[in-house]
Every structure is written in C-alpha cells, then in structure tokens.
Amino acid sequence: MAAAAAADGDELRRRAAALREVFGDSSDSDPDEEASLPRGRGVGREQWRWEAVEGVKGLWLCAVFLSADEQSRLLTAIRREGWFSDARNQAMRFGDLPSWAVELSALIHEAICVGDVDVGCDVELKNEDEDACPLPSDLLWRKPFFDQLIANRYEPGEGICAHVDLMRFDDGIAIVSLESPCVMHFSRAEQEVPICEILESTHAEPTKIPVYLNPGSLVLMSGNARYLWKHEINRKPGAQQWGGRELEQQIRTSITLRKLLPSPN
C-alpha cells in the first residue's frame with residue numbers, strides 16, 4: 001500500500017512538473033483574483049469559446065485555445081525534442097507520448113468540457129441539442145484520449161494536400177496551430193469511406209469551406225468532418241487569402257493528436 005501511494009505521488013509530481021514547464025506556474029498569483037476568473041489553465045486568459053463551423057457537421061474551432069505565453073512554452077518543448085534537425089520537418093510518436101503532449105491532451109479535454117459553445121447559424125445543431133458539445137461523449141471519455149502524435153514544421157509555401165486521415169485512426173482528431181496563421185480548406189470527399197455509411201448528409205455544402213487558423217487555435221474534427229470531408233492547406237503564392245488580403249507566409253508548426261484503433265485479431 002505504501003509503495004503504491006508513493007508511486008502515485010511520484011506520478012502526480014511528474015505531471016505537475018511537466019505542466020509547469022509547458023504551460024507555466026500560476027502559484028505566484030493572488031488566490032482571490034484567481035478564484036474569480038473563468039476556469040482554465042493560465043490566470044487572466046480569456047475563457048475558451050467553441051464555434052461550430054457552418055456547413056461542416058462535426059467541425060469545431062477554438063480560436064483562442066493557447067495564450068501567447070503558452071504557445072511559446074509549447075514551441076520550446078517541441079524544439080527540445082530535436083525532431084526538426086537534419087532537414088526533417090515531421091515527427092510521429094505512437095503509444096507513450098512525451099509528457100508535454102500528455103498535458104496538451106489534458107488541456108484539450110478540459111477546454112471541451114468547460115468552454116463556451118457557439119453554434120452560430122447552424123439550425124441543425126440548435127435543433128439537435130441545446131447543449132451541443134465539440135466532441136461526442138463516447139470519444140471525450142475514451143482512454144487514452146489520444147495516443148498518436150504528429151508534429152509538422154512547414155516552411156513558407158509548404159502545406160498539405162487534400163486528404164481524409166487514414167482509417168487506422170479513430171474518430172475525433174485535434175489540430176493545434178502555432179506560429180504562422182493559415183487558411184485550411186474543407187471539401188467533400190469524392191467517395192464516402194465504409195465506416196461512414198451510417199452517417200447521413202442532410203444538405204449540399206459549398207465546394208470549399210475556408211477556416212482561418214490563427215496561432216494558438218485548436219480544431220476538432222469528428223463524425224462527418226472527420227470521415228466525409230477532406231482538409232488541405234495550400235500555401236502557394238496567392239492561395240492564402242483571408243479578409244480580402246493575402247496572408248504573409250512564415251514558418252508554421254502544427255501538432256495533430258489522434259487515437260489509434262485496436263488492431264484486428
């Protein structure tokens with residue numbers, strides 16, 4: 001019993017240290033002031049707000065997920081991994097993720113649970129559930145929440161072609177954007193994948209739907225958005241347009257978190 005308690009204590013201290021390293025330590029803040037702020041890590045930050053992207057069912061955006069300081073700490077943790085040396089621009093991890101990625105997953109989970117939800121003009125969502133959630137409950141409470149990570153570093157002009165993530169990954173995918181902003185476009189997949197035959201498409205959507213991803217934003221894809229829509233980022237000259245102007249292209253870093261499906265017997 002004593003050994004188990006000690007092990008649990010060591011695990012809690014490890015997680016706390018990882019959290020402080022990546023997202024900061026609020027122990028120096030005034031307790032009364034902290035208690036009056038909205039829930040969420042980081043004293044003084046805005047409350048998380050989720051927006052349902054109109055036209056793509058299952059696509060949610062949290063534009064202010066990480067503060068500027070949290071973004072800086074996360075980038076530092078990624079650089080310490082040494083993944084992007086020797087001309088490499090991508091790293092993948094499966095199973096046991098780095099401690100900072102485990103804490104990032106926990107932060108995403110918390111943001112889903114306590115963040116405000118705005119369904120906008122999506123009448124379907126309003127009619128389905130007044131308490132719409134950015135992620136279905138069966139995905140929100142799975143264990144582990146995520147067990148696969150992709151870190152990408154894009155030079156100016158580099159992006160990703162239109163694709164649907166591989167079927168070896170479960171529903172519910174999160175993408176955190178850092179550094180340069182960009183526009184991600186969503187378009188209907190040419191063919192429905194088998195797992196989605198049970199999902200219904202209720203109306204015809206526009207050919208492409210743009211989503212602005214500012215630094216520190218978080219995108220969640222589930223259901224139709226995950227299986228029936230392709231996503232892409234075209235960063236070629238002239239392709240990144242938002243608000244009537246072309247976005248300046250700089251280095252962009254992204255973290256994608258997914259859950260592996262069990263291997264078939």
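**A glycine in a loop, a helix with two sides, and two cores**

Setting aside neighbours within four places in sequence, Gly159 makes contact with Tyr154, Ile233 and Arg235 in this predicted model. Gly159 sits in the loop that links strand S5 (148-154) to strand S6 (160-163). Ile233 is 74 residues away from Gly159 along the chain, yet their C-alpha atoms are just 5.0 Å apart. As for how open the spot is, Gly159 counts as partly exposed because its relative accessibility is 36%.

Next up is helix H3, which runs over residues 68-80. Its 13 residues reach 19 Å from the first C-alpha to the last, close to the 18 Å expected at 1.5 Å a residue. Glu70, Gln71, Leu74, Leu75, Ala77 and Ile78 are the buried ones in H3. They lie on the same side of the helix, because they cover an arc of only 160 degrees around its axis. In an α-helix there are 3.6 residues a turn, so residues three or four places apart point the same way. Over on the other side of H3, Ala68, Arg79 and Arg80 are exposed. After H3 comes Gly82, with a positive phi near 70 degrees.

Then there's the inside of the protein. The largest nonpolar core has 38 residues, and Phe65, Trp100, Ile108, Leu149, Val176 and Ile255 touch the most other members. Helix H4 (residues 99-114) gives the most to this core, chipping in eight residues. Leaving out residues up to four places away in sequence, Leu149 touches a whole list of others, including Trp83, Met92, Leu97, Trp100 and Ile255. A second core, separate from that one, has 18 residues, among them Val53, Val56, Cys182 and Val211.

Conventions: Residues are numbered from 1 along each chain as its sequence is written. This is a predicted model: local features need pLDDT of at least 70, side-chain atom pairs count only at pLDDT 80 or more; totals for chains, interfaces and linings use all residues. Side-chain values use heavy atoms; hydrogens and water are left out. A nonpolar core is a set of buried Ala, Val, Leu, Ile, Met, Phe, Trp, Tyr and Cys residues joined through side-chain atoms within 4.5 Å. Buried means under 20% relative accessible area, exposed over 50%, partly exposed in between (1.4 Å probe, protein chains only). Helices (H or I, at least four residues) and strands (E, at least two) are DSSP runs, numbered from the N terminus. Contact means heavy atoms within 4.5 Å. The expected span of a helix is 1.5 Å times one less than its number of residues. The arc is that of the directions from the helix axis to the C-beta atoms.
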